[in-house]
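Visitor: I should like to learn how to read the local features of a protein model, one at a time. May we take them in turn, beginning with a single residue?

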Amino acid sequence: MSGFALLCGLPWLLGVLLPAGAGGRSSRPTPTKAADFDRVYAGTVNINREELYSFNYTSKPGQVDAARVYVKSDSEDLQYPILFVVRQQKGVLSWQVPLIFRGLYQRTYNYQEVSRTLCPSEPTPEMGPSEQIIFVDVASMALFDIEYELLVTRLKSFQLTTDKAFNFTASPSQPQYFLYKFPPDVDSVIIKVVSETVYPCSVVSVQDIVCPVYDLDHNVEFNGVYQSMTKQAAITVQKKDFPGEQFFVVFVIKPEDYACGGSVPSSIKGKGNHTWNLQRTKSLQVTIVPSIKESDYVQAMLFSFLSFLSFYLGSLIVAFVHYVRVQRKTSAGRYSPDDGSGTVATSHPITTGTPEGNSYGAIDYLDNLEGPLKTLKQVSELTSLSPASSTTTIRMLNPHCCPEPAWAKSWHTAWANTTQDTEKLDLQTLSAGQYSEATANTRQNAAAFTDESSSSGGRQLSSPERGPPHGSDTDSSVEEESDFDTMPEIESDKNVIRTKMFLYLSDLSRKDRRIVSKKYKIYFWNIITIAVFYALPVIQLVITYQTVVNVTGNQDICYYNFLCAHPLGVLSAFNNVLSNVGHVLLGCLFLLIVLRRDILHRRSLEAKDPYTLEYGIPKHFGLFYAMGIALMMEGVLSACYHVCPNYSNFQFDTSFMYMIAGLCMLKLYQTRHPDINASAYSAYASFAVVICLAVVGVVFGKNKVWFWVIFSVIHIVASLALSTQIYYMGRFKIDFGIFRRVVMVLYTDCFQQCSRPMYMDRMVLLIVGNLVNWSFAVFGLVYRPRDFASYMLGIFICNLLLYLAFYIIMKLRSSEKLLPIPLFCIVATAVVWAAALYFFFQNLSSWEETPAESREKNRPCILLGFFDDHDVWHFLSAAALFFSFLVLLTLDDDLDSVRRDKIPVF
């Protein structure tokens, strides 16, 4: 038993009796060397030897003392690095030399020189002056000696001053940070950092007063707010976010530049240790300036709302003046309709007993002609075709719409027997009244012949008396277009009318007013549904984005203009959101203006005013309501986008701009083509396809050649198909036989005989329009612009402006007038759009680039010290869209006293 105890105690005896160095490292404490600041200490360390230095200094109340440690070693042995441990009153800081940084694809970069700033100390006034000690421990586990150098200095310029620039340098292994304290009268400041060189890429961070400070590339994102930087950076800091009313500004240089848009040199691709960028030193300048005060927020909000509320005041004044003028004209008996020739009509050509719901745009003449032969002769000569060729042409455009009734064969035979006894009607001398009269009698005689053939299986046309009773103008969905347009004879009549050489508004406003109005109301209700379902997830998404930015502090997520980004509440750039209030207010004002016109129009209809029924452009307000909602939603979604603008949500800002442009073109076309405009379902389906293409283009449109080839082909084919439908007034049927009919038309009109286009004005517009669209397609295919969404929007805007210019030119060619209000709106639209586009092209940020590259474009505020160039674009574009809508609303007010059979279609 005693032998076993002796055996167990033997190791202890050996540890006591053997010398300290014989069994391993000495357990004796390392002696401390008193050291001085600003003195270089050189030495060696190994597994058996370490050095401990102590630096003493006195810290006074109100004085912030910070020290910086500089170390260097020529050793590149990663297995046995030198370990430096710095102990202070508030914490411990340690690192190794060589200091290793990791880059993309796990590349490593080793630095032999390291410089770190120690956490500062500041005694409280109650403590009085205090002695501070810094211990620096140098050690290594190497079996051989490793040399090192050590230098500790006290920083004289550690605290930043308001409105005073400070210059310094930094590198990946030698980061810098400084202290800033809020002055008593400053609640918010902007930290502006600039550099003359783009690279190396750097990071600017704002951190609370916490030790240790995260000042290395791999941990700078652990605390505070940060953003990457090339030549410029700016961070807005509010006093309320820092209870101590002070913070650290940290500057870190990254070992690689890929985060800032740079690339890794091809010579060092692959894993391994690289020293090519050890000289990544960057000179920086930091300036901290006060930001705006609360009074500036109030002033900016008042300016935004009052500026657009002034439009309400102006609209009230215009409405009042218009009311006074109408009352004066009515009392003086001077408000009479114009017959289109410049003279004032003295009597109503339409009896008040005409049913409201039947043929609201057509004027029925009761003059008796000699018979169907003369009528057919007039119509065929009006279209420059014989009856047989007229029918052939119509069937070629739409072979399934025109079955030949039995009475048509007798017409063709009779025409062949009487061709020598008839005489052509001169198209140049044919008056508009004769033309409309012939058209009306064509329909009248066609109905007569249909009645005669009803005994042989034909279907009888409905008479006006069988129309819906007056007062049944409801929103019921039971009445549809099929209620009045299902008979083959009417379809044949439709083809005859729409393929005439000269069309008037009465020819294209023959459908029931109530049903057409309901058709256009669908635009309004559908866009409300789309807006709700589109906006709710958008709002939820941008709130999530903003929350992520606030929680993580990563300001590279959102592409703001950081030199003019004023936070409020949870929003980082409240000014960019506030500037969209104009779209909402002016959209609401436009809805009120349209509602006023709609109410006045309904009152006239209820009073059975014949001028309202048979004069001027048919009033349908569904598209106008949809345009007003679209303008308001553009403001809402643009504000949502600017909560956190980035690559992922840019389509929020442009989706309703596509819809606005499309709705404006549809409204412009519907003005003189009320019976053949696109339905709401097909229009919104087309907008959905456009938005899908825009999203796909944003994702794949940067460098994918295949995408641009497919998109260009789709663009050109869609332009040709739409041009065909416009040229033939929707009577060119698109089906599997379209290619055969196209070849037939080309052979007949181009090869067999080169004839002049029947609709020259339409042909000129469509040729110019196709050239513009093909130019866009070729430009996209060749240059492949990175901002595909703006490229698509440019296509829509150019087509809209082209069509509007064509419409105004044709209106003036037709001897129509521009009243003062639409003329003012046209001038205001042109001026405001020009100013708005100037500010739009002042690029202040770009999510097509890296966040650091985008910040190079940031600029200070230009309006009230609160709004930047893009905010001014928001203001002006809202006003420009409002004036554009007013142009479409008032452009044809001069035709309110002109009969519809005198208003040309173009």
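Guide: We may begin with Pro31, which in this predicted model lies in the loop between helix H1 (2-17) and strand S1 (32-35).

Visitor: Is Pro31 buried or exposed?

Guide: The relative accessible area of Pro31 is 62%. Exposed means over 50%, so Pro31 is exposed.

Visitor: How far apart are Pro31 and Tyr53 in sequence and in space?

Guide: The two residues are separated by 22 residues in sequence, and their C-alpha atoms are 8.8 Å apart.

Visitor: How does one read an open sheet, and what is the strand order in the one formed by 4 strands?

Guide: One reads the order of the strands, then the sense of their pairing. Here the order is S2-S11-S4-S9, with antiparallel pairing. At the edges stand strand S2 (40-45) and strand S9 (113-117), each of which pairs on one side only. On average, neighbouring strands of this sheet are turned by 20° against each other, direction ignored.

Visitor: How many bridges link S2 and strand S11?

Guide: S2 pairs with strand S11 (residues 146-154) over 6 bridges, in the antiparallel sense. Within S11, Leu150 is the bridge partner of Tyr41.

Visitor: Which strands pair with S14?

Guide: S14 pairs with S17 over 7 bridges in the antiparallel sense. An antiparallel pairing over 6 bridges also joins S14 to strand S20 (residues 282-290). Two residues of S14 illustrate the register: Val189 has Val237 as its bridge partner in S17, and Ile190 stands opposite Val289 in S20.

Visitor: How many residues of strand S14 are buried?

Guide: Strand S14 (residues 188-194) is mostly covered, with 5 of its 7 residues buried.

Visitor: Let us turn to Gln232. Where does this residue lie, and why does it count as buried?

Guide: Gln232 belongs to strand S17 (residues 232-238). Buried means under 20% relative accessible area; Gln232 counts as buried because its relative accessibility is 18%.

Visitor: Which backbone oxygens does the side chain of Gln232 approach?

Guide: The side chain reaches the backbone oxygen of Arg855 at 2.8 Å. A polar atom of the Gln232 side chain also lies 3.3 Å from the backbone oxygen of Asn858. Leaving aside residues up to four places away in sequence, Gln232 touches Val193, Leu563, Arg855, Glu856 and Asn858.

Visitor: How should one describe two packed helices?

Guide: The description uses the angle between their axes and the distance between the axes. In this model, the axes of helix H13 (residues 651-672) and helix H14 (residues 680-700) come within 10 Å and cross at roughly 145°. The crossing of H13 and H14 is right-handed.

Visitor: Which residues make the contact between H13 and H14?

Guide: H13 contributes Gln651, Ser655, Tyr658, Met659, Gly662, Leu663 and Leu666. H14 contributes Ala683, Tyr684, Phe687, Val690, Ile691, Ala694 and Val695. By class, the contact of H13 with H14 comprises 11 nonpolar and 3 polar residues, and no charged ones.

Visitor: Next, the peptide bonds. Which residues are joined by a cis peptide bond?

Guide: One looks at omega. A cis peptide bond joins Val97 and Pro98, with omega about 5°. Pro98 is placed in the loop between strand S6 (92-97) and strand S7 (99-102). A cis peptide bond also joins Cys211 and Pro212, with omega about 0°. Pro212 is found in the loop between strand S15 (202-207) and strand S16 (225-229).

Visitor: Finally, which residues have a positive phi although they are not glycines?

Guide: Among them are Arg784, with phi of about 50°, and Leu864, with phi of about 60°. Arg784 sits in the loop between helix H17 (760-783) and helix H18 (788-813). Leu864 is in the loop between helix H20 (851-855) and helix H21 (869-890).

Visitor: Why do Arg784 and Leu864 count as partly exposed?

Guide: Partly exposed covers the range between the cut-offs of 20% and 50%. Arg784 counts as partly exposed because its relative accessible area is 27%. Leu864 counts as partly exposed because its relative accessibility is 34%.

Technical notes:
Residues numbered from 1 in each chain as written. Predicted model: local features only at pLDDT ≥ 70, side-chain atom pairs only at ≥ 80, totals over all residues. Heavy atoms only, no water. Buried < 20%, exposed > 50% of the residue type's maximum accessible area, 1.4 Å probe, protein only. Polar contact = N/O pair within 3.5 Å; in protein donor to acceptor, adjacent residues only side chain to side chain. Contact = heavy atoms within 4.5 Å. Axes fitted to C-alpha atoms, helices over the stretch in contact; angles between N-to-C directions. Left-handed = near helix turned anticlockwise from the far one by under 90°. Nonpolar A, V, L, I, M, F, W, Y, C, P; charged D, E, K, R; others polar. Pairing = 2+ DSSP bridges.
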